[in-house]
Every structure is written in C-alpha cells, then in structure tokens.
Amino acid sequence: MPKIEAGSVREHRAQRLAQLIDAAEAILNESGVEALTAGAVAARAGIARNSIYRYFDSIEDLLELVVTREFPAWIDAVERAIAAETSPEEQAAAYVRANLEQAARGTHGWRASLSRGSLSPSARERVRNLHTSLHEALARVVRELGHPQPELTVAVLQAVVDACIQRIDQGDELTTVSGFAAGATRRLLAYDGRTEPPTPPVTRRP
C-alpha cells in the first residue's frame, strides 16, 4: 500500500490526482498535446509510472480532467452570483457578469481549445453536458421573468455570453466586454417579445 501523505486515503488520493493534473498542464503548456504521455506525466509528478493509473484509466481521461478542472469552481461562482441577487433581472445580469469574470481568469481559452481539438467524441459530449448544467441556471432565471419566449431569450443571452467570452479569450479587457454585455442584457430583458423594439432615430442631413 502506498504511503499516505495526507489525513485520510481520500485526501491523499485528491492530492495525488491534483499533482498529476498539474503535471499534465505543465507538459501541455510547454510541449503540446503530443508530449502528453504516461511516462512524461509520471516523471513530472514524481510518481511511479505504473502508479498513475490508480487515478485515471488512460491519458485521454487525464486530458479530460485537465479540460474540466475549473468547471466546479466556475459553476459554483455563477450560482453564488445568482443567489446574491433578488430579482430575476438582476440574477440574469449576475449570470452574465459571473461567467465573464470566470473567463477572464486566464485559462478558459486554452482549455476550450483543448476540448475542441484533443478530446474524444464521448469526452466532448460530457463537456457539453457540463455546459448544459450551467445554462440551466440561466433558464431557471428566465422562466421567472415570464417572457413569452423563454427558450429564445435563453438562447440569445447565452449567445451574448459565449461571444463575449471569445472576445476575452482573444485579449479584450473584461471591463469593456462586461459593459457591452450588461447593456445587451438589459435591452434584451426589457423587450417583452410582443412589440417591435424601438428603432433608433435617423439623423438626416439638412
């Protein structure tokens, strides 16, 4: 039995798994996905090669763990931001803001790129399911608003979030993107779906 370096077997396992994910992230950052092998991860983490498979079944599984590592904290941050507000309008705005703040932490673009290009189809499906669980938080809020087309409202709001996250990934400032997203969210939520949105005035030359 391996030496336990934590207060319990569960804590020891969690620490070891974190070490392996850290090692995988370092290898991916330095040398790319082609360099991610069992031997490289074991050497980087200082763990015997045959021991790493106690924590995952394959390198493909480890890659999925790297991609999804931040999801629990991301979802928790969004849920807490929503819970801190009282009205559905404020909660929808909090959903948008919290997602952009999490994206601005700096690793989303890198993990998203790995997800698109390196995961197996089944792993990508599991990642999509994680995104769906996050989107459900927005759907709950929009249903409370009583909009006549809640599914369309959710889809458009989420499209705003996704587009703004892409801009952050490309280097845009959070304050600029967040301000734009806040304005778009307010305008969308103010639209009741029953009348045409107001048309901006046209300035004519004399």
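## V177 and its surroundings

Let's start with one residue: V177 sits in helix 9. Keep in mind as you look around that this is a predicted model. Is V177 buried or exposed? With a relative accessibility of 6%, V177 falls under the 20% cut-off and so counts as buried.

Which residues does V177 touch, leaving aside those up to four places away in sequence? The contacts are L100, C164, R167, I168 and D172. There is also a long step along the chain to consider here: V177 and R97 are separated by 80 residues in sequence, yet their C-alpha atoms are 9.7 Å apart in space.

## The nonpolar core

Now to the largest nonpolar core, which holds 56 residues. Within this core, L20, L36, V41, Y95 and L100 have the most contacts. You have already met L100, as one of the residues touched by V177.

Several helices supply at least two residues each to the core: helix 1 (9–31), helix 2 (38–45), helix 3 (59–68), helix 4, helix 5 (88–103), helix 7, helix 8 and helix 9 (174–190). Helix 7 gives the most, with 9 residues.

V41 is a good place to zoom in. Setting aside residues up to four places away in sequence, V41 touches L20, A23, I27, L36, I59 and L62. Two of these partners, L20 and L36, are also among the residues with the most contacts inside the core.

## The largest pocket

How much space lies in the largest pocket? About 640 Å³. The pocket is lined by 23 residues, and those closest to its centre are F71, H108, A112, R116 and H131.

Helix 4 (71–83), helix 6 (108–118), helix 7 (121–145) and helix 8 (150–169) are the elements that give two or more residues to this lining. Helix 6 contributes the most, with 7 residues. By residue type, the lining divides into 7 nonpolar, 9 polar and 7 charged residues.

## An aromatic pair

A search of the whole structure turns up 1 aromatic pair. The partners are Y53 and F56, whose ring centres are 6.0 Å apart. Why is this pair edge-to-face? The ring planes meet at 70 degrees, which is over the 60-degree cut-off, so the pair is classed as edge-to-face.

The two partners can be compared by their accessibility. Y53 is partly exposed at 36% relative accessibility, whereas F56 is buried, with a relative accessible area of 5%.

How values were computed
Residues are numbered from 1 along each chain as its sequence is written. This is a predicted model: local features need pLDDT of at least 70, side-chain atom pairs count only at pLDDT 80 or more; totals for chains, interfaces and linings use all residues. Side-chain values use heavy atoms; hydrogens and water are left out. On a 1 Å grid over the protein atoms alone, a cavity is a set of points where a 1.4 Å probe fits but cannot get out, and a pocket is an open set with protein on both sides within 12 Å along at least five of seven lines; lining residues have an atom within 4 Å of a point. Grid points are joined across faces, edges and corners, and a volume is the space filled by probe spheres set on the points. Helices (H or I, at least four residues) and strands (E, at least two) are DSSP runs, numbered from the N terminus. Ala, Val, Leu, Ile, Met, Phe, Trp, Tyr, Cys and Pro count as nonpolar, Asp, Glu, Lys and Arg as charged, and the others, Gly among them, as polar. A nonpolar core is a set of buried Ala, Val, Leu, Ile, Met, Phe, Trp, Tyr and Cys residues joined through side-chain atoms within 4.5 Å. Buried means under 20% relative accessible area, exposed over 50%, partly exposed in between (1.4 Å probe, protein chains only). Contact means heavy atoms within 4.5 Å. Rings of Phe, Tyr and Trp (its six-membered ring) pair if their centres lie within 6.5 Å; planes under 30 degrees apart count as stacked, over 60 as edge-to-face and the rest as tilted.
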